[in-house]
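I sat down with a new model and a fresh page. These are my notes, in the order I looked things up.

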Amino acid sequence: TRVELTRGSDTWVFEKVKGQGKDATEKWRQLSPTARDVDSAKMDAFLSKLTNIRAQSWAAAGTKTGTEQPVLTAVARFDEGKKQERVAFGKSGSDVYAARAGEPGAAKVDGVEFDDAMKALDALK
């Protein structure tokens with residue numbers, strides 16, 4: 001229901017809101033850096049690409065993952081804001097890694113899938 005993304009010094013906040021009226025549907029709104037409605041198809045495409053990023057392997061202890069200085073941090077809130085997931089994505093050379101808050105280690109993920117998600121994020125701007 002809410003997604004906060006930090007990429008470099010830029011932060012975007014998106015939230016799913018209920019429309020007004022009897023037959024109103026839910027829609028996504030960007031709350032920050034500027035408030036505006038977001039194209040639902042583009043938001044769904046971005047979320048689909050982001051959530052489809054899967055671990056390919058686990059980084060060995062001591063591997064430089066870049067997650068300590070992430071290229072993207074994604075915080076998703078769901079279950080009416082009661083639950084939250086935070087993932088930091090880092091790069092080391094051409095490899096992309098993801099680390100979840102509160103869990104040890106990092107997973108190596110598909111760089112192409114990550115790049116596709118970033119292109120979908122850029123399409124939301």
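My entries start with the sheet, then go to the helices, the salt bridges and a couple of loop residues.

**Entry 1: the sheet**

First, a reminder to myself: this is a predicted model. I looked up how the strands are arranged. I found an open sheet of nine strands, paired antiparallel, in the order β4-β3-β2-β1-β6-β7-β8-β9-β5. β4 and β5 (55–58) sit at the edges with a single partner strand each, so one side of each has no neighbour in the sheet. My textbook reminder: strands of a sheet pair through backbone hydrogen bonds, either parallel or antiparallel.

**Entry 2: strand by strand**

I then went through some of the pairs. β1 (residues 2–7) and β2 are antiparallel and share six bridges. In that pair, Glu4 is across from Val13 of β2. β2 (residues 10–18) also pairs with β3 (residues 26–32), antiparallel again, over six bridges. I met Val13 a second time here, since Val13 also stands opposite Ser32 in β3.

Next I checked how β3 meets β4 (residues 36–37). Two bridges join these antiparallel strands, and one pairing to note is Arg29 with Asp37 in β4. The link between β3 and β4 is a hairpin of three residues.

**Entry 3: an odd peptide bond**

What kind of peptide bond joins Ser32 and Pro33? I looked, and it is cis, with omega about 10 degrees. Pro33 belongs to the loop between β3 and β4, so I wrote this down beside my hairpin note, where that loop is given as three residues.

**Entry 4: helix α1**

On to α1, residues 40–51. This helix has 12 residues and spans 16 Å from first to last C-alpha, close to the 16 Å expected at 1.5 Å a residue. Which residues of α1 are buried? I noted Met43, Phe46, Leu47 and Leu50. Seen down the axis, these buried residues fall within an arc of 95 degrees, so they line one face of the helix. That fits the general rule I learned: an α-helix has 3.6 residues a turn, so residues three or four places apart point the same way.

I also asked what the buried residues of α1 pack against. The answer is β1, β2, β3, β6, β7 (83–92) and α2. At the N-terminal end of α1, Asp39 acts as a cap, with a side-chain oxygen 2.9 Å from the backbone nitrogen of Ala41.

**Entry 5: helix α2**

α2 covers residues 111–124. I read off 14 residues and a reach of 20 Å from first to last C-alpha, close to the 20 Å expected at 1.5 Å a residue. Its buried residues are Phe114, Ala117, Met118, Ala120, Leu121 and Leu124. They cover an arc of only 160 degrees around the axis, which puts them on the same side of α2. Val112 and Lys119, on the other side, are exposed. At the start of α2, a side-chain oxygen of Asp110 comes to within 2.7 Å of the backbone nitrogen of Val112.

**Entry 6: salt bridges**

How many salt bridges does a search of the whole structure find? It finds 13. I picked a few to follow up.

- Asp37 and Lys27 meet through their side chains at 3.4 Å, N to O. This pair links distant parts of the chain, with Asp37 in β4 and Lys27 in β3, 10 residues apart. Asp37 is partly exposed at 40% relative accessibility, and Lys27 is partly exposed too, at 33%.
- Arg2 and Glu4 form a salt bridge at 2.9 Å, N to O. Arg2 is partly exposed, with a relative accessible area of 21%. I also saw that Arg2, Glu4, Glu15 and Arg77 are linked in a salt-bridge network.
- Lys83 bridges to Asp79, with the closest N and O atoms 3.6 Å apart. Lys83 is partly exposed at 43%, and Asp79 is partly exposed at 44%.

**Entry 7: Thr65**

My last stop was Thr65, in the loop between β5 and β6 (72–78). Is Thr65 buried or exposed? At 7% relative accessibility, Thr65 counts as buried, because the cut-off for buried is under 20%. Its side chain makes a polar contact with the side chain of Thr67 at 2.9 Å. Leaving out residues up to four places away in sequence, Thr65 touches Ala59, Gly90, Lys91, Ser92, Tyr97 and Ala106.

Terms used
Residues are numbered from 1 along each chain as its sequence is written. This is a predicted model: local features need pLDDT of at least 70, side-chain atom pairs count only at pLDDT 80 or more; totals for chains, interfaces and linings use all residues. Side-chain values use heavy atoms; hydrogens and water are left out. Two strands pair if DSSP finds at least two bridges between them. Helices (H or I, at least four residues) and strands (E, at least two) are DSSP runs, numbered from the N terminus. A salt bridge is a side-chain nitrogen of Lys or Arg within 4 Å of a carboxyl oxygen of Asp or Glu. Buried means under 20% relative accessible area, exposed over 50%, partly exposed in between (1.4 Å probe, protein chains only). The expected span of a helix is 1.5 Å times one less than its number of residues. The arc is that of the directions from the helix axis to the C-beta atoms. A polar contact is a pair of N or O atoms within 3.5 Å; within protein, one must be able to donate a hydrogen and the other to accept it, and residues adjacent in sequence count only if both atoms are side-chain atoms. Contact means heavy atoms within 4.5 Å.
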